[in-house]
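Hi everyone, thanks for making time for this. I'd like to walk you through one protein model, a piece at a time, so please have a look at it with me.

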Amino acid sequence: MAHERDVSCTGKRWWFSYAEAKREASRLRRTGHTGMRAYRCRYCPHAHIGGRPGHASYLRQTRTGPVPLHQYIQERSA
């Protein structure tokens, strides 16, 4: 089972400012990625983009496509 920190932060792209993340989330919504929002991470000093709280996808994007969060963490821990 993934911890809240893993879902919130691990493997996600980050932005230095909340304003930058907010602009990107807005752009994503215009291109069909509904429900995306910017948020200030409580685990790192940056901002991320994700879905609504409580609706985590548990997927992380890699060069070969999306992978489940537990697999993403496992591959980076090896």
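Let's start with Cys 44: is this residue buried or exposed? Cys 44 counts as buried, because its relative accessibility is 19% and buried means under 20% relative accessible area, with exposed meaning over 50% and partly exposed in between (1.4 Å probe, protein chains only). You'll find Cys 44 in the loop between S1 and S2. Its C-alpha atom is 9.3 Å from that of Trp 14, although their places lie 30 residues apart along the chain.

A quick word on where this comes from. This is a predicted model, where local features need pLDDT of at least 70 and side-chain atom pairs count only at pLDDT 80 or more, while totals for chains, interfaces and linings use all residues. Residues are numbered from 1 along each chain as its sequence is written, and side-chain values use heavy atoms, leaving out hydrogens and water.

Back to that loop, because His 46 lies there too, between S1 and S2, and the reason His 46 is called buried is its relative accessible area of 17%. What does His 46 touch, if we leave aside its neighbours within four places in sequence? The contacts, meaning heavy atoms within 4.5 Å, are Trp 14, Trp 15, Phe 16, Arg 40 and Cys 41.

Now for the strands on either side of the loop. Helices (H or I, at least four residues) and strands (E, at least two) are DSSP runs, numbered from the N terminus. Strand S1 covers residues 37-40 and pairs with S2 in the antiparallel sense over 4 bridges; for two strands to pair, DSSP has to find at least two bridges between them. The connection from S1 to S2 is a hairpin through 6 residues. Looking across the pair, Tyr 39 stands opposite His 48, and Arg 40 has Ala 47 as its bridge partner in S2.

Which way do the residues of S2 point? Ala 47 and Ile 49 go one way, His 48 and Gly 50 go the other, and all are buried. In a regular strand, side chains alternate between the two faces of the sheet.

That brings us to the inside. A nonpolar core is a set of buried Ala, Val, Leu, Ile, Met, Phe, Trp, Tyr and Cys residues joined through side-chain atoms within 4.5 Å. The largest one here has 7 residues: Trp 15, Ala 21, Ala 25, Leu 28, Ala 38, Ala 47 and Ile 49. Helix H2 (18-30) and strand S2 (47-50) are the elements that give two or more residues to this core, and H2 gives the most, with 3 residues.

Trp 15 is a good one to click on. Not counting residues up to four places away in sequence, Trp 15 touches Glu 20, Ala 21, Glu 24, His 46, Ala 47, His 48 and Ile 49. Glu 24 sits in helix H2, and Glu 24 counts as buried because its relative accessible area is 18%. With neighbours within four places set aside, Glu 24 is in contact with Trp 15 and Ile 49.

For contrast, try Ala 19, also a residue of helix H2. Ala 19 is partly exposed, because its relative accessibility is 40%. The C-alpha atoms of Ala 19 and Tyr 39 are separated by 9.7 Å, with the two residues 20 apart along the chain.

Next, the rings. How many aromatic pairs does a search of the whole structure find? There is 1: Trp 14 and Phe 16, edge-to-face, at 4.8 Å centre to centre and 80° between the planes. Rings of Phe, Tyr and Trp (its six-membered ring) pair if their centres lie within 6.5 Å, with planes under 30 degrees apart called stacked, over 60 edge-to-face and the rest tilted. Trp 14 is partly exposed at 41% relative accessibility, whereas Phe 16 is exposed, with a relative accessible area of 65%.

To finish, let's zoom out. The protein has 3 helices and 4 strands, running α-α-β-β-β-β-α from the N terminus on. Of its 78 residues, 32% count as buried. Among contacts between residues at least 6 apart in sequence, 50% join residues at least 24 apart. Thanks for listening!
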